[in-house]
Amino acid sequence: MAGKFTLPELPFKQDALEPAISKEIMDIHYNKHHKTYVEKLNAALTAQAKAFDQPKPDVPELIKQQKQVQFNAGGHINHSLFWKNLAPFDSPETHIHKAAPTLAPAIKEHWGSIKAFTEAFEENLLAVQGSGWGWLVSDAPRGELSIVSAKDQDPITDAVPLVGVDMWEHAYYLQYKNDKKAYAKAIWKVINWKEAEARYAGEKKDAPKV
């Protein structure tokens, strides 16, 4: 295998999201969960290459490992985007009107107001059954906006992911227990709208790549 995927550095300190997201959650989420996705992705790719590199490729093993690649690659992509998607609590990047001068008006035009958008987004988050993600996406740079959800670790591949929120229990349970609604409301204090603006403006067309 030519190279291996690595755990990206966090763009903030692990306690920078408090009180919205605790340092303890960040430590486990980043150093345990995301790290595991990266390790299992690399292991699956190595096993896949080994199964293919023989006189008669081991098709059952290739299929088995492809499932591991899909799941763990999705976990790696989603979390790599998620960390960039966050900023220190109540920092300038979290204030949508100043940090997203192009995206904020587009959101207001589409949903009528920022409040209506956040309510619709929160409703989508709370509707995620089991494990999954909620996303604000654009169909192209400066394109049509929509709110979508994705199950498990399925990545967004048919749109530009602007804002994503992890709704797996490991993202909130230690702090919010089963109160997903409180987590969904608190997350706005750490959303990096400057990053979302860059993706919306087309400056990060390769956002799904890590």
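User: Where does His79 sit in this model?

Analyst: In this predicted model, His79 lies in helix 2, which covers residues 59-84.

User: And is His79 buried or exposed?

Analyst: His79 has a relative accessibility of 0%, so His79 counts as buried.

User: What does His79 touch, if I ignore its neighbours within four places in sequence?

Analyst: With those neighbours left aside, His79 is in contact with His29, His34, Tyr37, Trp133, Gln153, Asp166 and His170.

User: Which residues does UniProt list under "binding site"?

Analyst: The unreviewed UniProt entry places that feature at His29, His79, Asp166 and His170. These residues span 142 residues in sequence, yet no two of their C-alpha atoms are more than 12.2 Å apart, so they gather at one spot. Three of these names, His29, Asp166 and His170, also appear among the contacts of His79.

User: What about Asn78, where is that and what does it contact?

Analyst: Asn78 also lies in helix 2, and with a relative accessibility of 0% Asn78 counts as buried. Leaving aside residues within four places in sequence, Asn78 is in contact with Trp133, Trp135, Gln153, Asp154, Pro155 and Ile156. Trp133 and Gln153 are therefore contacts of Asn78 and, as given above, of the buried His79 too.

User: Switching to the sheet, what is the strand order?

Analyst: The model has an open sheet of three strands in the order 2-1-3, with antiparallel pairing. Strand 2 (145-151) and strand 3 stand at the edges with a single partner strand each, so one side of each has no neighbour in the sheet. From one strand to the next, the twist averages 25°.

User: How many bridges join strand 1 to strand 3?

Analyst: Six bridges join strand 1, residues 132-138, to strand 3, and the two strands run antiparallel. Among the pairings, Trp135 has Gly164 in strand 3 as its bridge partner, while Ser138 stands opposite Val160 in strand 3.

User: How many residues of strand 3 are buried?

Analyst: Seven of the seven residues in strand 3 (residues 160-166) are buried, so that strand is mostly covered.

User: Which strands does helix 8 touch?

Analyst: Helix 8 packs on the sheet and touches strand 1, strand 2 and strand 3, and the direction of helix 8 makes about 150° with that of strand 3.

User: At what angle do helix 4 and helix 8 cross?

Analyst: The axes of helix 4 (residues 103-111) and helix 8 (residues 193-200) cross at roughly 80° and come within 9 Å, and the two helices are therefore roughly perpendicular to each other.

User: Which residues meet there?

Analyst: From helix 4, Leu103, Ala106 and Ile107 meet Trp193, Ala196, Glu197 and Tyr200 of helix 8. By class, this contact has six nonpolar residues, no polar ones and one charged residue.

User: What domains does UniProt place on the chain?

Analyst: The unreviewed entry places "domain: Manganese/iron superoxide dismutase N-terminal" at residues 4-87 and "domain: Manganese/iron superoxide dismutase C-terminal" at residues 102-199. In the model, residues 4-87 are 67% helix and 0% strand, with the end C-alpha atoms 27 Å apart. Residues 102-199 are 41% helix and 21% strand, with the end C-alpha atoms 11 Å apart.

User: Back near the start of the chain, where is Pro11 and what does it touch?

Analyst: Pro11 is found in the segment before helix 1 (23-52), and Pro11 is exposed, with a relative accessible area of 52%. Not counting residues up to four places away in sequence, Pro11 touches Trp83 and Lys84. The C-alpha atoms of Pro11 and Leu86 are separated by 8.4 Å, although these residues are 75 apart along the chain.

User: Which peptide bond is cis?

Analyst: The bond from Glu18 to Pro19 is cis, with omega near 5°, and Pro19 is placed in the segment before helix 1. As background, most peptide bonds are trans, and most residues other than glycine have a negative phi.

User: Where do Asp90 and Asp152 sit, and what are their phi values?

Analyst: Asp90, in the loop between helix 2 and helix 3 (96-99), has a positive phi of about 55° although it is not a glycine. Asp152, in the loop between strand 2 and strand 3, has a positive phi of about 45° and is likewise not a glycine. Asp90 counts as partly exposed at 36% relative accessibility, and Asp152 counts as partly exposed at 32%.

Notes:
Residues numbered from 1 in each chain as written. Predicted model: local features only at pLDDT ≥ 70, side-chain atom pairs only at ≥ 80, totals over all residues. Heavy atoms only, no water. Axes fitted to C-alpha atoms, helices over the stretch in contact; angles between N-to-C directions. Helix = DSSP H or I, 4+ residues; strand = E, 2+ residues; numbered from the N terminus. Parallel < 35°, antiparallel > 145°, perpendicular 65-115°, else oblique. Contact = heavy atoms within 4.5 Å. Nonpolar A, V, L, I, M, F, W, Y, C, P; charged D, E, K, R; others polar. UniProt positions renumbered as here; feature names shortened; annotations may be inferred. Buried < 20%, exposed > 50% of the residue type's maximum accessible area, 1.4 Å probe, protein only. Pairing = 2+ DSSP bridges.
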